[in-house]
Amino acid sequence: MAAPQTQAAARHRRRPAPQQASLPLSSGERKLREDEQLSRLYRAYKRAQIQALLDGPFGAQVRELDRFMRRMELQDGPALVERFRGAMSWIASMDMDSRFSLLRLASRRIVALRERHGLSPYNDGVVGDPPRTFHQIKDIMGCR
């Protein structure tokens, strides 16, 4: 027995599809659409890299580190640096692409934390300031 349809679903199904005029796109509109498509493809590629990192040989360790990063607070920067220092035994075994994916994941978590607390997403500091958490992690991981 088929599931009963709602009236809205029945109306939607009966409605003819709107006819779109096939006007040629201007060069600016075409460029905008190409850029949007490239941006979608890039974001999908980056998501796939993170997923490959989570599904890879160090997935359990990466997930544990990610759990900490999702729960950390602003004052937990030194603890995050120490977690990365302690994880160098397995991070050193990763290929450079995986290291950069892990660094990107850390960057995303730090940015999300800062935005959650109403701060600007990035704070690189000025010359003479001690290195920020992200830069310390980047140095520890050997990503330049």
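Modeller: A pocket is an open set of grid points with protein on both sides within 12 Å along at least five of seven lines. Its volume is the space filled by probe spheres set on those points. Keep both in mind. The model here is a predicted one.

Biologist: What makes up the volume of the largest pocket, and how much space is it?

Modeller: Probe spheres set on the points fill the space. For the largest pocket that comes to about 360 Å³.

Biologist: How do you know which residues line the largest pocket?

Modeller: A lining residue has an atom within 4 Å of a point. For the largest pocket, 19 residues line it. I110, R114, R132, T133 and F134 lie nearest its centre.

Biologist: Which helices supply at least two residues each of that lining?

Modeller: α4, α6 and α7 do. α6 gives the most, with 5 residues.

Biologist: Let us stay with α6. What makes its span close to the expected one?

Modeller: The rule is 1.5 Å times one less than the number of residues. α6 covers residues 96–116, which is 21 residues, and the expected span is 30 Å. From first C-alpha to last, α6 reaches 30 Å. The two agree, so α6 is close to expectation.

Biologist: How does α2 fare by that rule?

Modeller: α2 has 29 residues and an expected span of 42 Å. Its reach is 42 Å, so α2 is also close to expectation.

Biologist: Which residues of α6 are called buried, and by what cut-off?

Modeller: Buried means under 20% relative accessible area. In α6, those that pass include S98, L102, L105, I110 and L113. Arginines are among them too: R99, R109 and R114.

Biologist: What do the buried residues of α6 pack against?

Modeller: They pack against α2, α3, α4, α5 and α7. From the other side, α3 and α6 are among what covers the buried residues of α2. Those buried residues are K46, I50, L53 and L54.

Biologist: What happens at the two ends of α6?

Modeller: At the start, a side-chain oxygen of D95 reaches to within 3.1 Å of the backbone nitrogen of D97. The cut-off for a polar contact is 3.5 Å, so the pair fits inside it. After α6 comes G118, with a positive phi near 75°.

Biologist: Now the charges. Why can side chains pair at all?

Modeller: Opposite charges can pair when the charged atoms come close.

Biologist: Why is the meeting of D35 and K31 called a salt bridge?

Modeller: The cut-off is 4 Å between nitrogen and oxygen. D35 and K31 stand at 2.9 Å, so they qualify. Both lie in helix α2, 4 residues apart, about one helical turn.

Biologist: Why is D35 called partly exposed?

Modeller: The class runs between 20% and 50%. D35 has 34% relative accessibility, so it falls in that class. K31, at 46%, falls there too.

Biologist: What makes D55 and R63 a salt bridge?

Modeller: Their N to O distance is 3.4 Å, within the 4 Å limit, so the pair counts. D55 has 54% relative accessibility, and exposed means over 50%, so D55 counts as exposed. R63, at 35%, is partly exposed.

Biologist: How do you know that E82 and R85 form a salt bridge?

Modeller: The distance is 2.7 Å, again within 4 Å, so they pass. Both sit in helix α4, 3 residues apart, about one turn. E82 has 46% relative accessibility and counts as partly exposed. R85, at 44%, is partly exposed as well.

Biologist: Which residues are linked in a network of salt bridges?

Modeller: D66, R70 and R109. By the 4 Å rule the count comes to 6 salt bridges.

Biologist: Why is D124 called exposed, and where does it lie?

Modeller: D124 lies in the loop between α6 and α7. Its relative accessibility is 57%, over the 50% cut-off, so D124 is exposed.

Biologist: How do you know that D124 is in contact with residues beyond its neighbours?

Modeller: Contact means heavy atoms within 4.5 Å. Leaving aside neighbours within four places in sequence, D124 meets that rule with R132 and H135. D124 and H135 are 11 residues apart along the chain, with C-alpha atoms 8.3 Å apart.

Biologist: What is the secondary structure of the protein chain overall?

Modeller: It has 7 helices and 0 strands. Of its 144 residues, 26% are buried. Among contacts with a separation of 6 or more, 63% join residues 24 or more positions apart.

Notes. Residues are numbered from 1 along each chain as its sequence is written. This is a predicted model: local features need pLDDT of at least 70, side-chain atom pairs count only at pLDDT 80 or more; totals for chains, interfaces and linings use all residues. Side-chain values use heavy atoms; hydrogens and water are left out. Buried means under 20% relative accessible area, exposed over 50%, partly exposed in between (1.4 Å probe, protein chains only). A polar contact is a pair of N or O atoms within 3.5 Å; within protein, one must be able to donate a hydrogen and the other to accept it, and residues adjacent in sequence count only if both atoms are side-chain atoms. A salt bridge is a side-chain nitrogen of Lys or Arg within 4 Å of a carboxyl oxygen of Asp or Glu. On a 1 Å grid over the protein atoms alone, a cavity is a set of points where a 1.4 Å probe fits but cannot get out, and a pocket is an open set with protein on both sides within 12 Å along at least five of seven lines; lining residues have an atom within 4 Å of a point.
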